[in-house]
Amino acid sequence: MKNENREVVQALILVLQFGINMLVPIFMCSMLGIWIGNRTGISWMMVPFFFVGALAGGTNVYRMAKKLFKESDRDAKQAKKDK
């Protein structure tokens with residue numbers, strides 16, 4: 001595979017990971033909110049759980065991006081050092 005194609009594929013995978021890291025906690029917390037709402041008779045219970053899921057997803061994306069940039073900086077420093 002050409003180097004250019006590999007970079008495109010890696011970028012697409014990264015975007016997919018960001019999406020999954022954001023959507024899974026939102027979906028899981030929303031389903032939990034619906035279940036608790038049905039059990040207790042409180043119909044609006046999904047709303048706070050949705051926001052908790054969004055915060056959790058945002059935290060996941062932030063941690064992943066922070067780790068990615070840290071690795072990128074380390075690689076750039078190593079490449080600069082090797083020259």
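**Exercise 1. Work out how open Val 61 is and what surrounds it.**

Start with accessibility: Val 61 has 22% relative accessibility, so it counts as partly exposed (buried means under 20% relative accessible area, exposed over 50%, and partly exposed in between, with a 1.4 Å probe and protein chains only). A quick word on the model: it is predicted, so local features need pLDDT of at least 70 and side-chain atom pairs count only at pLDDT 80 or more, while totals for chains, interfaces and linings use all residues. Residues are numbered from 1 along each chain as its sequence is written, and side-chain values use heavy atoms, with hydrogens and water left out.

Next, place the residue: Val 61 sits in helix H2 (helices are DSSP runs of H or I with at least four residues, strands are E runs with at least two, and both are numbered from the N terminus). Now list its partners. Leaving out residues up to four places away in sequence, Val 61 touches Phe 18, Asn 21 and Met 22 (contact means heavy atoms within 4.5 Å). Finally, take Gln 17: this residue is 44 residues from Val 61 along the chain, yet their C-alpha atoms are separated by 8.6 Å.

**Exercise 2. Describe how H1 and H2 pack.**

First, get the geometry. H1 covers residues 3–40 and H2 covers residues 46–82; they pack at an angle of about 160 degrees, with their axes 7 Å apart. Axes here are lines fitted to C-alpha atoms, for helices over the stretch in contact, and angles run from 0 to 180 degrees between N-to-C directions.

Then name the arrangement: the angle makes H1 roughly antiparallel to H2 (under 35 degrees is roughly parallel, over 145 roughly antiparallel, 65 to 115 roughly perpendicular, the rest oblique).

Last, sort the contact by class: 19 nonpolar, eight polar and no charged residues. Ala, Val, Leu, Ile, Met, Phe, Trp, Tyr, Cys and Pro count as nonpolar, Asp, Glu, Lys and Arg as charged, and the others, Gly among them, as polar.

**Exercise 3. Find and classify the aromatic pair.**

Searching the whole structure turns up one aromatic pair. The ring centres of Phe 50 and Phe 51 are 5.6 Å apart and the planes lie at 80 degrees, so the pair is edge-to-face (centres must lie within 6.5 Å for rings of Phe, Tyr and Trp, using its six-membered ring; planes under 30 degrees apart are stacked, over 60 edge-to-face, the rest tilted).

To finish, check accessibility: Phe 50 is partly exposed at 32%, whereas Phe 51 is exposed at 51%.
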